[in-house]
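Reader: I've got a model open and would like to go through it with you. Can we start with how far to trust it, then look at interfaces and empty space?

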Amino acid sequence: MRELIVARVRPKGGQTVLSQYAFVGIFAIIAFALPIIGLAMSWLIRPKKPNRAKNATYECGMETIGDTWVQFKAQYYLFALIFVVFDVEAIFIFPWAIAYNKLGLYALVEMVLFVVILFGGLLYAWKKKALEWH
Amino acid sequence: MDYIRNFFVNLAQSWTTWISTGLPPWAVDVVNYLIVGVILVMMPVIATLTLTWMERKVIGRIQNRIGPNRVGPWGIFQAIADAVKMLIKEDIVPDNADKPVFNLAPILIFVGAALLWAVIPFGRNMVGQDLSIGALYVIAIGSITTVAVLMAGWASNNKYALLGAFRVVAQLLSYEIPMVLSMATVVLVVGTMKMGGIVEAQIVPFVLVLPLAFIVYLLAATAETGRAPFDLLEADSEIVAGYFIEYSGLKFGWFYIAEYGNLLAVSAIATTLFLGGWRGPFVSAVPALGPFYFVIKTVVVIFILMWIRGTWPRFRIDQMLGFAWKVLVPASLANLLWVATAQMIPAPTPVKWFLMLIGNVAIIFVALTLLGQAAKRHAAKHGLAGA
Amino acid sequence: MQQIIFILVALGTLGAAVMVVTSQNLMRSALWLILAFFGIAGIFVLLDAEFLAVTQILIYVGAIAMLIVFAIMLTHGMMDPKQPRFNQQWGVVGGFAALLFVILAFLVTRNTWRVVVAAVPPDTIIQLGRDFVGPYVVPFEVASVLLVVAMIGAIIVARERE
């Protein structure tokens, strides 16, 4: 098994990509630590008196009726799917946007084509009432 | 005197030189990261302490009442009183809740609100890290919030929480696209995703070049943070507290802190992208002024958002989702293509920017006209007034 | 140092992946999957591919994981822990899975991977953008068509149900 050797490039700012994300990593650890510390402090201070009524699931002040399972509509799934498609489209747009100033007219034409095709999909969803709720 | 001109950067530099004498270079980096991390992680907390007071005062005044004025002068210690209250409340975990997930959700939602601050530039060279994919990083952190909401709704073992969580996720997903597209428009004009770079490129604040992108961004951001008028999921009369219905005490507190942290972060990003961030008069000569301009502009944006909250009526969920997909997304796409076309024209930059401005205004005009016609048709169909 | 971080991230990802498959509760499997996605994003960062890392989080965690969770919810009875975890065909499927594992292991270990010793250029994203509209423009446009087809297909299937 060979190791993948990648030389680290040091851009002029003097920071490698890894050290930048090391900051993000350390920051994330701190961000996790703060609520945990907060909750620990609260756990020490607060009263702990569980009883049946308090622990029951909330349903507007009454006992729960029926199973805890929701009639799930296909509508949610469709919204999520249309979102996936447009999310991927947005991801394609970003590198194009950054390289745009260095490219020629063909870059514009290709992106117009890309967006128009996806917009056509959106129109189809619109007409078929996939974007309605209820 | 020169030291004070660039006060914050010079302070950081002196500190770094001082600790470098005793530690290897990587340890110096780690110590600096820890300090900056702790400062930035406190931003959502600071946001909650100050913005809750500001909001209650502003909304109070809009509704012709005073707002909190008991705890401290003008009620400024109200938030601390609220924080203490949340700390000492009993933490009730419902019976069949999924305990690890239930406990993880508030932590994760706070992480989502806090991590955003790593890329926001407070001044020249005053960024946590100027990541070369800064703009995308911001949106990616938003996905963490979405996951946390779903976890909260599901782990509560409460069908209303679950229903609320699904609706919130649908709302968050729907408004993420217009937000991403308006950011993409700004990135297109500037040519880099670095947040620091975007501020540097704003010789003219982009709100004057791309007003449509600014408006779309503000509306999408209001929906992303779950504020009015898109807050039907927390509306007390509709679904009680929505996905965090079963949370009490400090766990609820973290949801609350995350909401205001997100509000501050989103306003800060709007300032960075559209209002010129830390730019202002004399800032090249005295870079230490940068953070002050930044704070002032962010407070202005926050005030606008609170103003909107106090005055506009709430949307229904189908109106809200329809608005996102049928109005904001096409408008943003049209804007993106127009800006791309304008950028391609071989003219000096001010001319290009002026063309983009004209295009933006035209799209706003067209969008409002179409909306007006659709509203008329809707009113005629349902026999409402205004037909 | 980098090796240590890589080992940690890789172990985390593999652990999460194992938990995805072995977890009793389907929703918890989905959450472990999200953790595995974050781990993969971490590995991208270690390879200096920051754009891919952010894309991974944005698309996989932000969109596809949500889709998976919604699909889990949509399937009645999926959440029931009393349902049997294996059906009758598990022997055949297990055999195929083992065969696939052997083939993949063979490919990964026997193949001579090209080792790139040159530095990663700092402007990978610009290069990506250039490639989208240059050499790879046909896949770029075909991708948009593919996305629209997927959307239309899902809408048709969902509409039929109602």
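Reader: What is the mean pLDDT of chain A?

Author: This is a predicted model, where local features need pLDDT of at least 70, side-chain atom pairs count only at pLDDT 80 or more, and totals for chains, interfaces and linings use all residues. Residues are numbered from 1 along each chain as its sequence is written, chains are lettered from A and ligands numbered from 1 in the order in which they are written, and side-chain values use heavy atoms, with hydrogens and water left out. pLDDT is the predictor's confidence in each residue, from 0 to 100. In chain A, 69% of the residues reach 70 or more, and the mean is 76.

Reader: Over which residues of chain A is the pLDDT below 50?

Author: That stretch still has 24 contacts in the model beyond near neighbours in sequence, a contact being heavy atoms within 4.5 Å. The pLDDT is below 50 over residues 1–13.

Reader: Where in chain B is confidence lowest?

Author: Chain B has a mean pLDDT of 83, with 95% of its residues at 70 or more. Helices (H or I, at least four residues) and strands (E, at least two) are DSSP runs, numbered from the N terminus. Confidence in chain B is highest in helix H9 (residues 211–224), at a mean of 90, and lowest, at 51, in helix H10 (residues 236–239).

Reader: And which element of chain C has the highest mean pLDDT?

Author: Chain C averages 85, and 91% of its residues reach 70 or more. Among its elements, helix H5 (residues 124–133) is lowest at 84, while the highest, at 91, is helix H2 (residues 26–46).

Reader: How far apart are the C-alpha centres of the domains of chain C?

Author: An automatic or database domain assignment sets the bounds. It gives domain 1 (1–80) and domain 2 (120–162) in chain C. Their C-alpha centres are separated by 22 Å.

Reader: How much area do chain A and chain B bury between them?

Author: The contact involves 69 residues of chain A and 79 residues of chain B. Buried area is the accessible area (1.4 Å probe) that two parts lose on being put together, summed over both. With 77% of it on carbon and sulfur atoms, the total is about 6600 Å².

Reader: Which residues of chain A lose the most area to chain B?

Author: Three of them together make up 11% of what that side buries. They are A:Phe23, A:Phe27 and A:Phe94.

Reader: Which element gives the largest share of the lining of the second largest pocket?

Author: On a 1 Å grid over the protein atoms alone, a cavity is a set of points where a 1.4 Å probe fits but cannot get out, and a pocket is an open set with protein on both sides within 12 Å along at least five of seven lines; lining residues have an atom within 4 Å of a point. The second largest pocket is lined by 30 residues, with B:Lys326 and B:Val327 among those nearest its centre. Helix H4 (105–127) of chain A and helices H13 (317–344) and H14 (349–382) of chain B each give two or more residues to that lining. The largest share, twelve residues, comes from H14(B).

Reader: Last one: which element gives the most to the lining of the second largest cavity?

Author: That lining has 15 residues, including B:Gly142 and B:Met179 among the closest to the centre. With four residues, the top contributor is H6(B).
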